[in-house]
Amino acid sequence: MVGRGDRSGDRNTIRLLAELKKASVIGPQEARIHLDCMSNAKQECSIIDRSCVMEGLITVVNVSFMCQLDGQRSCAGCCDNFQQDREVLRRKYSRRRAAFDAMVRGRGDLPLYREHMARQELADVSCRFLAFLDDNQQSVGCLLHPKGPTNKGVDLRRYGKHGEPRCQAYICAGLRTVRKGGLYEWLLLHYLQKASNDWYAYSRLFSPSVTYKYYGGLFEIYIKLGKYL
Ligand code: SF4
Ligand code: SF4
């Protein structure tokens, strides 16, 4: 027998799915996984004793480490279009990494590599320095970043598409929301991160390219859709 609570839960899920579809490029399976994360976060938020959680503290955390959270979860959402299929992006990042390894011995080779890739990828407008960072193709990121595998702390992003100041200053809307957010935002992020355990799924959480009308990515949408739960 279906109880009244079950029926209103179903209605909420249908409404959430419809809103999500209107706002983003998302498949049914990914949407359902993310909606489960939303309801887990909401449920946990309602049972945690907030007086035990020092919410003031989390507002000062440096959230930029979330771009490269761990060996599985890395994000390139602000440097490319994540409406493209996983396999298309995998091949592109792999091709770039191989060309970079073959061509670049020092910073003097960076413009040559960039021009070579521009000729190879005529229809692609993304920065050529976005690629796999590791040989096992588990992490994506910027080959020019000071934390890059061979950069020894030197920031080389002036050779990229947007120049060093823009890349250094950029922080996406999702991370800005987390930084200012409270318990619900942090719990939601926790569940979404657990469910997004590779570079493609993780990048899609934050990338503005997968949403139609929001400045932010999917994470921003979930914060806004929280009112339907
Ligand atoms: S989209 Fe956000 S989380 Fe992803 S790399 Fe850019 S700033 Fe970091
Ligand atoms: S140089 Fe800038 S735009 Fe290019 S991959 Fe690095 S962070 Fe992204």
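## A walk through the model

Of this protein's 229 residues, 31% count as buried. Keep in mind that you're looking at a predicted model. Computed along nothing fancier than its principal axes, the set of C-alpha atoms fills a box of roughly 65 × 35 × 30 Å. Inside that box there are 10 helices and two strands, and if you read along the sequence they turn up in the pattern α-α-α-α-α-β-β-α-α-α-α-α. Now look at the contacts between residues at least 6 apart in sequence: 67% of them join residues at least 24 apart.

Let's begin with a pair of helices. H2 covers residues 28-47 and H8 covers residues 183-195, and their axes come within 8 Å, crossing at roughly 140°. An angle over 145 degrees would count as roughly antiparallel, but H2 and H8 stay short of that and are therefore oblique to each other. Their crossing is right-handed. Who actually does the touching? On the H2 side you'll find Ile33, His34, Cys37, Met38, Asn40, Ala41, Glu44 and Cys45, while H8 brings Leu183, Tyr184, Leu187, Leu188, Tyr191, Leu192 and Ala195. Sort this group by class and you get 12 nonpolar residues, two polar ones and one charged one.

While you're on H2, take a look at Ser39, which sits in that helix. Is Ser39 buried or exposed? It has 15 C-beta neighbours inside 10 Å, so it counts as partly exposed; being buried would take 20 or more. You can also use Ser39 as a yardstick: Cys78 is 39 residues away along the chain, and the C-alpha atoms of the two are separated by 27 Å.

Cys78 leads us to the ligands, since Cys78 is one of the residues around ligand 1. Its companions there are Met66, Cys67, Cys75, Ala76, Gly77, Ile171, Cys172, Gly174, Leu175, Phe206 and Ser207. What classes make up this shell? The shell around ligand 1 has nine nonpolar residues, three polar ones and no charged ones.

Ligand 2 has its own surroundings: Cys79, Cys127, Phe129, Leu130, Cys142, Leu144, Arg157, Gly160, Lys161, His162 and Cys167. Here the split is seven nonpolar, two polar and two charged.

Next up is another helix pair. H4 (residues 86-103) and H5 (residues 110-120) have axes that come within 10 Å and cross at roughly 145°, and this crossing is right-handed. Which residues meet here? Arg96, Ala99, Phe100 and Met103 from H4 meet Leu112, Tyr113, His116 and Met117 from H5. By class, the H4 and H5 contact has six nonpolar residues, one polar and one charged.

Finally, a couple of loops deserve a stop. Gln137 lies in the loop between strand S1 (130-132) and strand S2 (140-142). Its phi is near 60°, a positive value in a residue other than glycine. Gln137 counts as partly exposed because it has 15 C-beta neighbours inside 10 Å.

Go on past S2 and you reach Lys152, in the loop that runs between S2 and helix H6 (164-169). Lys152 also has a positive phi in a residue other than glycine, with a value near 50°. How many other C-beta atoms lie within 10 Å of Lys152? There are 8, so Lys152 is exposed, given that the cut-off for being exposed is 12 or fewer.

Terms used
Residues numbered from 1 in each chain as written. Chains lettered and ligands numbered in written order. Predicted model: local features only at pLDDT ≥ 70, side-chain atom pairs only at ≥ 80, totals over all residues. Near = placed C-beta within 6 Å. Nonpolar A, V, L, I, M, F, W, Y, C, P; charged D, E, K, R; others polar. Axes fitted to C-alpha atoms, helices over the stretch in contact; angles between N-to-C directions. Helix = DSSP H or I, 4+ residues; strand = E, 2+ residues; numbered from the N terminus. Parallel < 35°, antiparallel > 145°, perpendicular 65-115°, else oblique. Left-handed = near helix turned anticlockwise from the far one by under 90°. Contact = placed C-beta atoms within 7 Å.
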